[in-house]
Amino acid sequence: MNVTVEAPAKINLTLDVVGRRDDGYHLVETVMQAVDLCDRVTVRRTDKPGAVSLLCDDARVPDGPDNTAVRAAAAFFEACGLPNPGVEIGLRKRIPLQAGLAGGSADAAAVIVALDRMFETRLSEAELTDIGERVGADVPFCIFGGTMLAEGIGTILTPLPDLPDCYIVLSKPEISVSTQKAYSLADKHLLWESPETDDAVEAVCNGDIEEVANCIYNKFEKVLNLPEVASIKRMMLEAGALNAGMSGSGPTVFGIFKDKGMAEGCARSLEEYCDQVFVCRPVSKGCEIVD
């Protein structure tokens, strides 16, 4: 039996680091949005009991036990108390790697959803969330997708109304960002007060895309102050974006557009600056079984 799942990327419309727990985990407030840039994940049964193997069309993706998709399979079998009869995970990557778009978390979420179908465990939302949280803070959101307020370490999720219709341009510069460094810098500015998340929630509830765009905020963007991010934002704004900002710990920049033609024109301009540019739409779902 094979189960194939489409796994959407996410962006952070707002992202504030508001504290740190005694165990080192950071506390965040963020409005997260799923977009229709998806990886495709296929899970198959094998004849190798206990084994989880991974095949990916991108050689840069590690295939060992630290891979989030492999860890998700192990977490599923452990949580459900099921023996692993042997599974193979096939990944077709479209979400850029190490981009602040939760590509690894999306793949892990897809594995959990696929195994739930394959083994007919019919897990509740709470059970799916619990397994996802064992793998990573973004995994529960990636399971359900849509538009959500995330709090705590990112796993306390409150569904919000669908984002008003718009076009979202994603552009990933060819630079690397250390998530550890980003959190370390954010720790020095925990006293910054940022009302943008509360304002963004209100704007989403009001169905006002222009006001949502006005609320875009990312503390990591502020503390990292990357010139490549600033350049892409400037290009997006000059191309007609309502606003633009960095997603996650970066370095991908997103811009929100009301007009499709403007979004596509912006993407064409950015392709001369970045290899990885996408025009997306917001989606109201997370991982979805397609086969």
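Modeller: Quick definition before we start: helices are DSSP runs of H or I with at least four residues, strands are DSSP runs of E with at least two, and both are numbered from the N terminus. Also, keep in mind that this is a predicted model.

Biologist: Fine. In which loop is Pro-251 found?
Modeller: Look at the peptide bond from Gly-250 to Pro-251 there: it is cis, with omega near 5°. Most peptide bonds are trans. As for the place of Pro-251, the flanking elements are residues 243–246 and residues 253–257, which makes it the loop between strand 9 and strand 10.

Biologist: On to phi. What is the phi of Ala-102 near?
Modeller: Most residues other than glycine have a negative phi. Ala-102 sits in the loop between strand 4 and helix 2, and at 12% relative accessibility it counts as buried. Its phi is positive, and the value is near 65°.

Biologist: And Glu-120, is that buried or exposed?
Modeller: Glu-120 isn't a glycine either, yet it has a positive phi of about 50°. You'll find Glu-120 in the loop between helix 2 and helix 3 (125–135). The cut-off for the top class is over 50% relative accessible area; Glu-120 has 56%, so it counts as exposed.

Biologist: Let's do charges. How many salt bridges does a search of the whole structure find?
Modeller: One of them joins the side chains of Arg-21 and Asp-23, at 2.8 Å from N to O. Another pairs Lys-285 with Glu-288, whose closest N and O atoms are 2.7 Å apart. Searching the whole structure gives a total of 13.

Biologist: Which accessibility class do Arg-21 and Asp-23 fall into?
Modeller: Partly exposed is the class in between under 20% and over 50%. Arg-21 has a relative accessible area of 35%, and Asp-23 has 48%. Both values lie in that range, so the class is partly exposed.

Biologist: What about Asp-107 and Lys-93, how many residues apart are they?
Modeller: Their side chains meet in a salt bridge, 3.0 Å from N to O. This pair links distant parts of the chain, with Asp-107 in helix 2 (residues 103–118) and Lys-93 in the loop between strand 4 (87–92) and helix 2; the separation is 14 residues.

Biologist: Is that Lys-93 buried or exposed?
Modeller: Its partner Asp-107 has a relative accessible area of 4%, which makes it buried. For that class the value must be under 20%. Lys-93 is at 17%, so Lys-93 counts as buried.

Biologist: Back to Lys-285 and Glu-288: what is the relative accessibility of Glu-288?
Modeller: Lys-285 is partly exposed at 39% relative accessibility. Glu-288 also counts as partly exposed, and its value is 34%.

Biologist: Which residues are joined into one network by salt bridges that share partners?
Modeller: We've already met two of the members, Asp-107 and Lys-93, as a bridged pair. With shared partners taken into account, the joined residues are Asp-39, Lys-93 and Asp-107.

Biologist: There's a negative surface patch too. Which helix gives the largest share of it?
Modeller: The patch is formed by Asp-198, Asp-199, Glu-202, Asp-208 and Glu-211. Asp-208 belongs to the loop between helix 6 and helix 7 (209–214), and it counts as partly exposed at 33% relative accessibility. The largest share is three residues from residues 196–206, that is, helix 6.

Biologist: Thr-197 is in that helix as well. What C-alpha separation is there between Thr-197 and Ala-150?
Modeller: Thr-197 does lie in helix 6. With a relative accessible area of 2%, Thr-197 is buried. Ala-150 is 47 residues away along the chain, and the C-alpha atoms are separated by 9.9 Å.

Biologist: Which residue's backbone nitrogen lies 2.7 Å from a polar side-chain atom of Asn-84?
Modeller: Asn-84 is placed in the loop between helix 1 (68–80) and strand 4. At 15% relative accessibility it counts as buried. The backbone nitrogen at that distance belongs to Gly-86.

Biologist: Last one: how far apart in space are Asp-47 and Glu-127, C-alpha to C-alpha?
Modeller: Asp-47 lies in the loop between strand 2 (26–45) and strand 3 (52–56), and counts as exposed at 69% relative accessibility. The two residues are 80 residues apart in sequence, and in space the separation is 27 Å.

Conventions:
Residues numbered from 1 in each chain as written. Predicted model: local features only at pLDDT ≥ 70, side-chain atom pairs only at ≥ 80, totals over all residues. Heavy atoms only, no water. Patch = residues over 30% accessible without salt bridge, like charges linked within 9 Å, V, L, I, M, F, W, Y side chains within 5 Å. Areas by Shrake-Rupley, 256 points an atom, 1.4 Å probe, with all protein chains shown as cover. Salt bridge = Lys/Arg side-chain N within 4 Å of Asp/Glu carboxyl O. Lys, Arg positive; Asp, Glu negative; His and termini not counted. Charge placed at Lys NZ, Arg CZ, Asp CG, Glu CD. Buried < 20%, exposed > 50% of the residue type's maximum accessible area, 1.4 Å probe, protein only. Polar contact = N/O pair within 3.5 Å; in protein donor to acceptor, adjacent residues only side chain to side chain.
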